[in-house]
Amino acid sequence: MADFSGYVAADALSDGPFCMLSAVDNRRSKRLLSDVLDHDPTHEDIRAFLGRLQTAWAARALTLCGVTTDGAALDPAPLLEVFGDVPHHICPFHLVAEVSKAVLGAVASARKGLAAQQPTLRRGRPSTPAAKQAARTKKRLAAPRAALCAQRYLFVQRHLNKTERKTLWRVSRGLPQRQALRAIMEQGYAVCDRRCRTQTALNQLAKLRRRVQRFTSLGDTLKKLFAPTLEKALTFLDDTLLPSTSNAVERGNRRYRKRQKQVDRVRTQGQISARLALDMWREAQAEGRQQTLASLHRARAG
């Protein structure tokens, strides 16, 4: 912890009956502490894990400036008990992902509504005037449904060019609720924009919540926008050194998952602990490895 930055990202990763608790330096992407449990974590487990971190910092006279988590329900109470008034930041990526999932769910519901409007046809070629009219109606309703399915990603994509905006307008033409979904998604991205301050983002969030309430059919779909923890996802806007996401700890979890796919044997608690220890040793050697690579590149260039 000699080069500890003061900012920590903490997360839990499940692997069958086991659960791995990790704390990573959120600016230097260096694992500080890990633990492997043979059961789902409880408040006592989280409190004991965070207590070990607090003891390590106190022994080295280090200061904790901020903690970033993914918003799990087990985190807030132990964090408050162990760290007190240290700012607790929730990674906005998880909240934006939840809102994106809700928007895509609303688009899927719109597709199902179009499918329910399609008339049921008998087998064979339509021969009567009524059957021909029903066939034309079904064909007319099938086109927007297929376009809505193919272009659904435009409702949640962060940036749209001119062509994509024209396509989105054609898909949602005459349907204000679909257009509102895209506008709500854009406002959700604007709330987490680092160029504004927390109070400005809170004002935008209040405006977004009022807009959602005007569309009663979207109220249940976008209930994540009314979560009380959403304000904690905007803490990073007033702290320029606080990373906006918990990618530092998520990156280590992805490395573990990648290695996990290459090992065809039964995993035990000891093997998982050894693998995490190997990951910490790899991170400890990173600085020397970078210096060696830089020297080799200079020698090759010379």
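**Close-up 1. Ser22 and Ser34 face each other across a strand pair.** In this predicted model, Ser22 stands opposite Ser34, which belongs to strand E3. The two strands here, E2 and E3, run antiparallel and are joined by 7 bridges. They make a hairpin with 4 residues between them. Have a look at E3 while you're here: 6 of its 8 residues are buried, so the rest of the structure largely encloses this strand.

**Close-up 2. Ser29 sits in the turn of the E2 and E3 hairpin with a positive phi.** Follow the chain out of strand E2 (18-25) and, before you reach strand E3 (30-37), you pass through the loop that holds Ser29. Its phi is near 55°, a positive value in a residue that isn't glycine. Why point that out? Because most residues other than glycine have a negative phi. As for its surroundings, Ser29 counts as partly exposed, at 29% relative accessibility.

**Close-up 3. Ala61 is another non-glycine residue with a positive phi.** The loop to find this time runs between helix H1 (43-59) and strand E4 (66-69), and Ala61 is in it. Phi of Ala61 is about 55°, again positive without the residue being a glycine. Is Ala61 buried or exposed? With 69% relative accessibility, Ala61 counts as exposed.

**Close-up 4. Strand E1 pairs with both E2 and E4.** With E2, strand E1 pairs in the antiparallel sense, over 8 bridges. One spot to pick out is Asp11, whose bridge partner in E2 is Ser22. That's the serine from the opening view, where Ser22 stands opposite Ser34 in E3. With E4, on the other hand, E1 runs parallel, and 3 bridges join the two. Here you can look for Val8, which has Val67 of E4 as its bridge partner. What about the surroundings of E1? The strand is largely enclosed by the rest of the structure, since 7 of its 9 residues are buried.

**Close-up 5. Gly16 marks the hairpin of E1 and E2.** There are 2 residues between the strands of this hairpin. Gly16 takes a positive phi here, near 65°. For the hairpin of E2 and E3, the residue to look at was Ser29, with its positive phi of about 55° in the turn.

**Close-up 6. Phe4, Trp57 and Phe83 form a cluster of rings.** The structure holds 2 aromatic pairs. In one of them, Phe4 and Trp57 are stacked, with 5.5 Å from centre to centre and 25° between the planes. Phe4 comes from the segment before strand E1 (7-15) and Trp57 from helix H1, so this pair ties together parts 53 residues apart in sequence. Trp57 also pairs with Phe83, this time in a tilted arrangement: 5.6 Å centre to centre and 45° between the planes. Phe83 is in helix H2 (residues 76-83) while Trp57 is in helix H1, so the parts tied together here are 26 residues apart in sequence. Ring pairs link Phe4, Trp57 and Phe83 into one cluster. How buried are these rings' residues? Phe4 and Trp57 are both buried, with Trp57 at a relative accessible area of 2%. Phe83 counts as buried too, at 10% relative accessibility.

**Close-up 7. A cavity lined mostly by nonpolar residues.** How many cavities of 30 Å³ or more does the structure hold? There is 1, and the largest cavity has a volume of about 100 Å³. Its lining includes Leu95, Val99, Met185, Cys192, Leu208 and Leu234. Gly188 is in the lining as well. By type, the lining residues divide into 11 nonpolar and 1 polar, with no charged ones. To find your way around, start from helix H3 (92-117), helix H6 (176-191) and helix H7 (198-214), each of which supplies at least two lining residues.

**Close-up 8. The side chain of Arg182 reaches a backbone oxygen.** Arg182 is in helix H6, one of the helices from the cavity view. This arginine is buried, with a relative accessible area of 4%. A polar atom of its side chain lies 3.4 Å from the backbone oxygen of Arg158.

**Close-up 9. Thr167 and Leu154 in one view.** Thr167 lies in helix H5 (residues 162-171), and it's buried, with 14% relative accessible area. Along the chain, Thr167 and Leu154 are 13 residues apart, and 8.5 Å separates their C-alpha atoms.

Technical notes: Residues numbered from 1 in each chain as written. Predicted model: local features only at pLDDT ≥ 70, side-chain atom pairs only at ≥ 80, totals over all residues. Heavy atoms only, no water. 1 Å grid on protein atoms, 1.4 Å probe; cavity = no way out; pocket = protein on both sides within 12 Å on 5 of 7 lines; lining within 4 Å. Points joined across faces, edges and corners; volume = space filled by probe spheres on them. Nonpolar A, V, L, I, M, F, W, Y, C, P; charged D, E, K, R; others polar. Buried < 20%, exposed > 50% of the residue type's maximum accessible area, 1.4 Å probe, protein only. Pairing = 2+ DSSP bridges. Phe/Tyr/Trp six-rings, centres within 6.5 Å; stacked < 30°, edge-to-face > 60°. Polar contact = N/O pair within 3.5 Å; in protein donor to acceptor, adjacent residues only side chain to side chain.
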